Amino acid sequence: ETPAVEDYQAGFVAVIGRPNVGKSTLMNELLGQKLSITSPKPQTTRHRIHGVHTTATHQIVYVDTPGMHIGGERSINAYMNRTANSAFADVDLVLFVVEAGRWTHEDQAVADKCKTIDVPVVILVNKIDKFKKKEELFPFLQKIGENAEFTTLIPVSAYKKSGLDLIEKEVLKYIPHQSMIFPEDYITDRSTRFLASEIVREKLMRVLGEEVPYGATVEIEQFKYDEAEGRWIVNALILVEREGQKLIVIGAKGDMIKQIGTQARKDLITLLEGRVHLELWVKVKENWADDERALASLGYND
Ligand code: GDP
Ligand code: K
Ligand code: MG
């Protein structure tokens with residue numbers, strides 16, 4: 001039974017913060033589904049992505065964003081900051097994610113930015129699982145309160161799934177009463193093909209050391225269901241900036257690319273709900289991350 005319009009709530013919530021505080025992990029937990037890729041490396045999330053959570057009483061559209069960061073002169077860095085900044089527009093609430101016990105100048109920059117916008121802001125203090133005793137967290141919470149001047153502060157742990165119900169309860173205070181914005185089964189604004197390329201990029205970020213991931217991107221060349229074979233055919237091109245990086249991605253005897261492929265295939269099977277044949281290729285494309293036109297052609301253009 002459809003609830004009366006005045007009882008239903010629907011709206012947009014931006015998830016922002018500096019890199020690596022756990023924005024994407026949190027969004028996935030709030031959705032109960034892995035949509036946005038995550039890794040211990042900053043700049044894992046490069047694109048804005050909508051994750052829609054629809055229930056009988058509400059539809060919340062979470063907008064995950066690249067981390068706002070200082071420094072990085074490259075076009076790709078400017079793109080990520082631009083994308084994060086644009087997420088403020090047309091949302092009902094901003095969830096500003098910070099990491100328990102660590103307040104950096106980048107957090108302060110985000111806090112200062114929040115003070116200039118018209119949208120209400122709630123702070124999520126993530127990763128509280130790193131503290132064994134609650135009392136150890138108090139000085140940090142007090143410090144944020146002083147630096148950020150926001151009233152609502154919710155300690156949470158995406159890992160332990162603690163505080164998620166509190167977040168949703170708080171979010172609903174700001175979500176307007178109106179009917180559904182998107183159809184009931186709508187999950188994201190991104191194509192399955194895009195999600196597939198992100199899965200491959202996530203494995204790159206996770207499997208490789210520090211020297212390659214920021215200089216790599218993924219382009220899906222073929223993405224189709226083969227009726228005769230009864231499986232998906234996915235060909236992905238990993239673009240790196242230098243020959244040396246190509247060798248690292250491939251690894252000795254191809255062990256790196258094999259690992260990336262095995263892990264990516266596993267997630268692709270979940271995403272596509274069927275058998276998957278995945279082929280990975282590595283190619284050098286110099287300066288893709290510095291060149292606005294190259295960026296746009298690789299899908300960095302929203
Ligand atoms: P983002 O850059 O802000 O989107 O952060 P990610 O979601 O990619 O997460 C960055 C890192 O923090 C990853 O290694 C996550 O596994 C880790 N992380 C996320 N949430 C938690 C948490 O609640 N507790 C701990 N200990 N680590 C977390
Ligand atoms: K990250
Ligand atoms: Mg992220």
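Both Tyr79 and Tyr300 are buried, and their rings make a good way into this predicted model. The two form an edge-to-face aromatic pair, with 5.4 Å from centre to centre and 90° between the planes. Tyr79 lies in helix H2 (residues 75–86) while Tyr300 lies in the segment after helix H9 (292–297), so the pair ties together parts that are 221 residues apart in sequence.

There's another pair to look at, made by Phe223 and Trp232. Their ring centres are 5.3 Å apart and their planes sit at 35°, so this pair counts as tilted. Phe223 is buried because its relative accessibility is 18%, and the cut-off for buried is under 20%. Searching the whole structure turns up seven aromatic pairs. As for clusters, Phe12, Phe182 and Tyr186 form one together. Rings also meet charge here: Arg190 has its charged end over the ring of Phe194, 4.4 Å from the ring centre.

**The two metal ions**

Next, the ions. Which residues coordinate the magnesium ion (ligand 3)? Ser24 does so through OG and Thr45 through OG1, at 2.0 to 2.1 Å. Ser24 belongs to helix H1 (residues 23–31) and Thr45 to the loop between H1 and strand S2 (49–54), so this pair ties together parts that are 21 residues apart in sequence.

The potassium ion (ligand 2) has three protein donors: OD1 of Asn20, O of Ser39 and O of Lys41, lying 2.6 to 2.8 Å from the ion. Written as a pattern along the chain, the donor residues of the potassium ion (ligand 2) are spaced N-x18-S-x1-K. And how far apart are the magnesium ion (ligand 3) and the potassium ion (ligand 2)? They are 4.9 Å apart.

Here is how accessible four of the coordinating residues are:

| Residue | Ion | Relative accessibility | Class |
|---|---|---|---|
| Ser24 | magnesium ion (ligand 3) | 7% | buried |
| Thr45 | magnesium ion (ligand 3) | 9% | buried |
| Ser39 | potassium ion (ligand 2) | 14% | buried |
| Lys41 | potassium ion (ligand 2) | 9% | buried |

Gln43 is in the loop between H1 and S2. Its phi is near 65°, a positive value in a residue other than glycine. With 23% relative accessibility, Gln43 counts as partly exposed.

Lys127 has a positive phi too, about 65°, although it is not a glycine. Lys127 is placed in the loop between S5 and H4. At 23% relative accessibility, Lys127 counts as partly exposed.

**The nonpolar core**

In soluble globular proteins, nonpolar side chains tend to be buried together. In this model, the largest nonpolar core has 30 residues, and the ones touching the most other members are Ile16, Val94 and Phe96. Which elements each supply at least two residues of this core? They are strands S1 (9–16), S3 (58–64), S4 (93–99) and S5 (121–126), along with helices H3 (105–115) and H4 (138–148). H4 gives the most, with four residues.

Ile16 is worth a look of its own. Setting aside neighbours within four places in sequence, Ile16 is in contact with Lys23, Thr65, Met68, Phe88, Val94, Leu95, Phe96, Val97, Val110 and Cys114. That list includes Val94 and Phe96, which are named with Ile16 as touching the most other members of the core.

Now take Ala109, which is found in helix H3. Is Ala109 buried or partly exposed? Ala109 is partly exposed, because its relative accessible area is 34%, and buried would need under 20%.

**Domains and overall layout**

The domain assignment splits the chain into domain 1 (5–172) and domain 2 (192–297). The C-alpha centres of domain 1 and domain 2 lie 27 Å apart. Where the domains meet, 16 residues of domain 1 are in contact with 24 residues of domain 2.

For a sense of scale, try Ala109 and Glu279. These two residues are 170 residues apart along the chain, and their C-alpha atoms are separated by 42 Å.

Notes: Residues numbered from 1 in each chain as written. Chains lettered and ligands numbered in written order. Predicted model: local features only at pLDDT ≥ 70, side-chain atom pairs only at ≥ 80, totals over all residues. Heavy atoms only, no water. Donors = N, O, S within 2.8 Å, 3.2 Å for Na, K, Ca; no water. Buried < 20%, exposed > 50% of the residue type's maximum accessible area, 1.4 Å probe, protein only. Phe/Tyr/Trp six-rings, centres within 6.5 Å; stacked < 30°, edge-to-face > 60°. Lys NZ or Arg CZ within 6 Å of the ring centre and 35° of its normal. Core = buried A, V, L, I, M, F, W, Y, C linked by side-chain atoms within 4.5 Å. Contact = heavy atoms within 4.5 Å. Domains from an automatic or database assignment.
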